[in-house]
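Here is a short report on one protein structure. Keep the view open as you read.

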Amino acid sequence: MNLVVTGVSHHTSTLELRERLHFPESALPAALMKLKTALDGGGVVLLSTCNRVEIYACTNAPVHIAQDILRRFIGEWHGIPEQDYRDSLYQYEGREAVGHLFRVTGSLDSLVVGEAQILGQVHDAYLVAQSEQCTDKVISALFQRAFAIAKDIRSQTNIGAGTVSIGSVAVDLAVSIFSDLAGKTAMIIGSGKMGATTLRSIVSRGVDNVLLVNRNHDRAIELAGRVRGEAIPFDQLEANLPRADIVISSTAAPSHLLGPAHFQRALRRRSNEPFFVVDIAVPRNIDPAVKRMDNVYLYDIDDLQTVANANMEARRQEIDLCMQRVENGVEQFWAWLQGLAAEPTIMSIAAGIHQLREREVQKLLAQLPELGEHDEQARELIAASFKRFANAVLHQPTVQLKREVAHQDPHTVLHLVKRLFGLKESP
Amino acid sequence: MTLAIDITFLVAVCLYVVAAVMSYVYLQGGKNSVLRATHHAVVGGAVLLFLLFCMRWATHGRLPLTTMVDVLNILILTATAVVLPLVRRENVRALLCYYAPPLALLAVFNGIVGRASLRTVPKELNEAFVAMHVGPVIIAFALFFVASLTGFVYIVQAQRLKSLRTNATPAKLPPLEQLDATLFSLIRWGYPLFVVTLLLGFFGAYLFPEELDANWWRSPKILLAVATAALFSFSFHSRKLGLLRGRKLAYVVVVGFTVMLAIYLLLQSTGLKDYGFWSASV
């Protein structure tokens, strides 16, 4: 039984290549069935996200053959020549494959370390494989173990703490000021890309009124149409400022568009309700003196980047702790997997012992003619006693054999045990 | 019964102290189990204070609302009763860790300074409306106390947001908007209640002048009550009109109420608060 993984990720490939190798959700069942046939049974899971395309397989085929099948399959399925992706491909087997899956699921291999999405994506990939009956005992145990470790990492470490993108940091700050972004009004000044990204993050949290201000009013109308917002003429900026709870500014203006006096007047008109202001423009559009005002919370691009970097650094500091958990998980899973190799031998030994037990029980009952046919209870007690004895005799060797197989060379250990119990060697 | 009262009082104080210590631990580590334990300690302390109130009432057959130890116990108990529903929701639970230490401080102060009056027989409040006057005054004070604590948390959260120290402690504080709403709703309930009970007191003084000193209206207790009413009148109306909001309002409430409370405790502990203050001094 061999575990292998083959794939490409953001570490080894360009986005363009990952786009070419991507498996759409609708294609997964067919791809899984084809893979299962090619591997001649076993278990297989296909994970395809924007950052990685990976195939996990558990097969009886030798490792090099299995890896060859997986490598060729990726190209053949997409009709891409192997030389286009061969150098970007990585292949792991055995413990390395297990560790890789645990790192991926635990978000330690992600582009943004600690992001929560990957756990759901791996889970979905596993469910598709399960529904197509492409999982076996080993693959199921492997993925269940991966989910448990990922959850443990998320709950017991700070790997997912804090947000690490400018947009998410802005949202975090906004929700530290407003209880609920639903019903709030956001004003975006200018049409910079970063501003639009930040606006999207904030709108995704429920902001439903968007005011768009642009020097080019036609452009504002066009943008307003896209986000179902309201276009405001540039000369009406100050008049509309009190309507906004959130202000995002990202124009190319060479000087400040808004200063303390503008916000002072706006605050008076909105009964001092707080403003959340994000100035992403360089040079800045909003006078930094506004930061000192009460009820105005102004952040520039450096502020947001500082928070994002601090959060990312905090996550990085957790990686060692997480890797320790992954290593422990690999160790435990590997011991369990190796122990599986002993199962047929254990079953043979158990069968032999129980046969012997049954024989001895019959012999004993034959030697006790005084136990009449009606004394069923006594017969059952004797049989149960022998059974308990046999199980007790088997328990320690079974546990020890699994342990030895996990830590020593399984072939040597099993060969010795089979000779000891007079069992036939499997072909 | 006396020993039972002493033990109940001391254990209640200890539970508040434990809650304060656990609040600190929670703010450092952010573990939910510690927050739950803090909650249990506060609830335990409040239950014991309520038990103490009942025991004092049963022992002397009078509502225990007049001695220092009783007033502070009821203040802590009522403040706890205000706090517990406030911190019920998931995103505001961490607030408890800002409420518990000042409650503990007050409990310890009462344990040290007020304990002596634990054996004092409460004055008889034979007129129904006098009892109706004293009880709501304490409730209004409890609301102001919790309002000032909420104001303090607002200042902390606003400062964190201004200086971008949002991850200074693992415990997540509620949004400013929610803190502002909580602060205002506490003032909105406390201020009218306080004014009504103050007027009720004045009405009582008019009805029963023989029970009071001629200078009762300028006794420290009355002056302090009027000053408190003025402070919260200003806070309430300026917030209602939108003139004062956010950090400035929080500062007014925190500083104003802290000064009032400090003066009250000073007057209480030195026995100078009563109606006979001026005539006694002259």
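In strand β4 of chain A, A:Tyr90 is the bridge partner of A:Gly7. The model is a predicted one. That pair is a good place to start the tour.

## The antiparallel sheet

A:Gly7 sits opposite A:Tyr90 across a strand pair. The two strands concerned are β1 (residues 2-9) and β4 of chain A, which are joined by four bridges and run antiparallel. They belong to an open sheet of four strands in chain A. Its order is β2-β3-β1-β4, and the pairing is antiparallel. Which strands stand at the edges? They are β2 (43-48) and β4 (90-93) of chain A. Each has a single partner strand, so one side of each is left without a neighbour in the sheet. From one strand to the next, the twist averages 10°.

A helix packs on this sheet. Helix α2 (residues 28-39) of chain A touches β2 and β3 (52-59) of chain A. The direction of α2 makes about 140° with that of β2(A).

## The parallel sheet

Chain A also has an open sheet of six strands. The order here is β7-β6-β5-β8-β9-β10, and the pairing is parallel. At the edges stand β7 (230-233) and β10 (296-300) of chain A. Each of these has a single partner strand, so one side of each lacks a neighbour in the sheet. The twist averages 20° from one strand to the next.

Look at one pair inside this sheet. Strand β5 (residues 185-189) of chain A and strand β6 (residues 209-214) of chain A run parallel and are joined by five bridges. A:Ile188 has A:Leu212 in β6(A) as its bridge partner.

Two helices can be followed on this sheet. Helix α7 (residues 166-177) of chain A packs on the sheet and touches β9 (275-279) and β10 of chain A. The direction of α7 makes about 165° with that of β9(A). Helix α12 of chain A packs on the sheet too, touching β9 and β10 of chain A. The direction of α12(A) makes about 80° with that of β10(A).

## A helix with two faces

Now turn to helix α15 (residues 410-421) of chain A. This helix has twelve residues. From its first C-alpha to its last it reaches 16 Å, close to the 16 Å expected at 1.5 Å a residue.

Which residues of α15(A) are buried? They are A:Pro410, A:Val413, A:Leu414, A:Val417 and A:Lys418. They lie on the same side of α15(A), because they cover an arc of only 130° around the axis. The spacing has a general background. An α-helix has 3.6 residues a turn, so residues three or four places apart point the same way.

What do the buried residues of α15(A) pack against? They pack against α12 (301-341), α13 (343-366) and α14 (376-407) of chain A. The face of α15(A) turned away from the buried side carries the exposed residues A:His411, A:Leu416, A:Arg419 and A:Leu420. After α15(A) comes A:Gly422, whose phi is positive, near 65°.

## Loop residues

Positive phi values also turn up in residues other than glycine. Two cases are A:Asp40, with phi near 60°, and A:Gln133, with phi near 55°. A:Asp40 lies in the loop between α2 and β2 of chain A. A:Gln133 lies in the loop between α5 and α6 (137-156) of chain A.

Another loop residue is A:Asp109, between α4 (94-105) and α5 (117-131) of chain A. Is A:Asp109 buried or exposed? At 13% relative accessibility, A:Asp109 counts as buried. Its side chain makes a polar contact of 3.2 Å with the side chain of A:His11. Not counting residues up to four places away in sequence, A:Asp109 touches A:His10, A:His11, A:Arg52, A:His100, A:Arg103 and A:Val104.

## A residue in chain B

Chain B gets one stop. B:Arg188 has its place in helix α6 (residues 176-207) of chain B. B:Ser235 is 47 residues apart from B:Arg188 along the chain, and their C-alpha atoms are separated by 9.6 Å.

The table sets out accessibility for four residues.

| Residue | Relative accessibility | Class |
|---|---|---|
| A:Asp109 | 13% | buried |
| B:Arg188 | 40% | partly exposed |
| A:Gln133 | 61% | exposed |
| A:Asp40 | 72% | exposed |

Conventions: Residues are numbered from 1 along each chain as its sequence is written. Chains are lettered from A and ligands numbered from 1 in the order in which they are written. This is a predicted model: local features need pLDDT of at least 70, side-chain atom pairs count only at pLDDT 80 or more; totals for chains, interfaces and linings use all residues. Side-chain values use heavy atoms; hydrogens and water are left out. The expected span of a helix is 1.5 Å times one less than its number of residues. Buried means under 20% relative accessible area, exposed over 50%, partly exposed in between (1.4 Å probe, protein chains only). The arc is that of the directions from the helix axis to the C-beta atoms. Contact means heavy atoms within 4.5 Å. Two strands pair if DSSP finds at least two bridges between them. Axes are lines fitted to C-alpha atoms, for helices over the stretch in contact, and angles run from 0 to 180 degrees between N-to-C directions. A polar contact is a pair of N or O atoms within 3.5 Å; within protein, one must be able to donate a hydrogen and the other to accept it, and residues adjacent in sequence count only if both atoms are side-chain atoms.
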